[in-house]
Amino acid sequence: MAELTPDDMRARVGTESVSDWIEVTQAMIDQFAEATGDHQFIHVDPVAAAATPFGGTIAHGFLTLSLMPALAAKTPDAPRLAGMRMGVNYGGNKVRFLTPVRAGSRVRGRFKLLDFAEKRPGQFQQTSEFTVEIEGQDKPALIAEWISQAFV
């Protein structure tokens with residue numbers, strides 16, 4: 001990851017970075033179900049899920065959204081604010097789940113920097129469009145507009 005000044009970050013507004021692919025395994029889905037208490041059969045019962053239009057188990061939408069940090073970490077050219085001590089999620093403006101992610105699918109993240117601004121001295125806010133693409137699919141799994149803050 002490139003360490004950039006605030007001016008360099010602002011200059012990158014409109015640019016995209018793409019992560020490496022990761023596999024969404026049934027084990028990941030099962031662990032997410034345990035952590036959240038969402039044991040709906042379409043996520044955790046391969047036999048019952050095979051009889052649905054999905055043809056097998058699918059990842060929870062919120063699991064797909066929660067892959068954002070893992071995918072960001074696997075984005076070689078992602079910009080990073082120089083001197084950043086910590087970053088926090090601030091929230092989302094919109095999230096849309098467009099295509100289910102079947103167990104065993106590979107996904108990657110596409111991050112587009114939409115805005116970067118200093119909120120107060122040493123505190124910066126960035127808004128990014130986060131898209132999860134499914135290998136071999138034309139339609140993405142999700143598109144989200146996400147806000148995070150960085151502290152230097």
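In this predicted model, H60 is classed as buried because its relative accessibility is 3%, which falls under the 20% limit for that class. The residue is placed in the loop that runs between α4 (46-50) and α5. When residues up to four places away in sequence are set aside, H60 touches I29, F32, A33, D38 and H43.

The largest nonpolar core comprises 20 residues, and V24, L67, L71, V101, V107, F130 and V132 are the ones that touch the most other members. Two or more residues are given to this core by each of the elements α2 (26-36), α5 (61-66), α6 (68-73), β6 (106-120), β7 (123-134) and β8 (142-151). A second core, separate from this one, has 6 residues, among them L4, L81, F124 and A150. In soluble globular proteins, nonpolar side chains tend to be buried together. For V132, the contacts that remain after its neighbours within four places in sequence are left aside are with T64, L71, V107, R108, P140, A141 and L142. Of these partners, L71 and V107 are themselves listed with V132 among the core residues that touch the most other members, whereas R108 takes part in the ionic pairing described next.

Salt bridges number 6 in the structure, and a network of them links E16, R108, R110 and E133. Within this network, the side chains of E16 and R110 meet at an N to O distance of 3.0 Å. That pair links distant parts of the chain, since E16 belongs to strand β2 (residues 16-18) and R110 to strand β6, at a separation of 94 residues. E16 counts as partly exposed because its relative accessible area of 38% lies between the 20% and 50% limits, and R110, with a relative accessibility of 22%, is likewise assigned to the partly exposed class.

A further bridge of the network joins the side chains of E133 and R108, with an N to O distance of 2.6 Å. E133 lies in strand β7 and R108 in strand β6, so this bridge ties together parts that are 25 residues apart in sequence. The two partners fall into separate accessibility classes: E133 counts as buried at 17% relative accessibility, while R108, at 22%, counts as partly exposed. E133 also forms a salt bridge with R110, for which the closest N and O atoms are 2.7 Å apart. This pair, too, links distant parts of the chain, with R110 in strand β6 and E133 in strand β7, 23 residues apart. E133 is thus paired with R108 and with R110, and R110 is in turn paired with E16.

Aromatic pairs were also identified, and their count comes to 3. A pair of aromatic rings is described by the distance of the centres and the angle of the planes. For the pair formed by F62 and F97, the centre-to-centre distance is 5.7 Å and the angle between the planes is 85°, an edge-to-face arrangement. Because F62 lies in helix α5 and F97 in strand β5 (residues 86-97), the pair ties together parts that are 35 residues apart in sequence. F62 counts as exposed because its relative accessibility of 59% is over the 50% limit, whereas F97, with a relative accessible area of 42%, is partly exposed.

Terms used. Residues are numbered from 1 along each chain as its sequence is written. This is a predicted model: local features need pLDDT of at least 70, side-chain atom pairs count only at pLDDT 80 or more; totals for chains, interfaces and linings use all residues. Side-chain values use heavy atoms; hydrogens and water are left out. A nonpolar core is a set of buried Ala, Val, Leu, Ile, Met, Phe, Trp, Tyr and Cys residues joined through side-chain atoms within 4.5 Å. Buried means under 20% relative accessible area, exposed over 50%, partly exposed in between (1.4 Å probe, protein chains only). Helices (H or I, at least four residues) and strands (E, at least two) are DSSP runs, numbered from the N terminus. Contact means heavy atoms within 4.5 Å. A salt bridge is a side-chain nitrogen of Lys or Arg within 4 Å of a carboxyl oxygen of Asp or Glu. Rings of Phe, Tyr and Trp (its six-membered ring) pair if their centres lie within 6.5 Å; planes under 30 degrees apart count as stacked, over 60 as edge-to-face and the rest as tilted.
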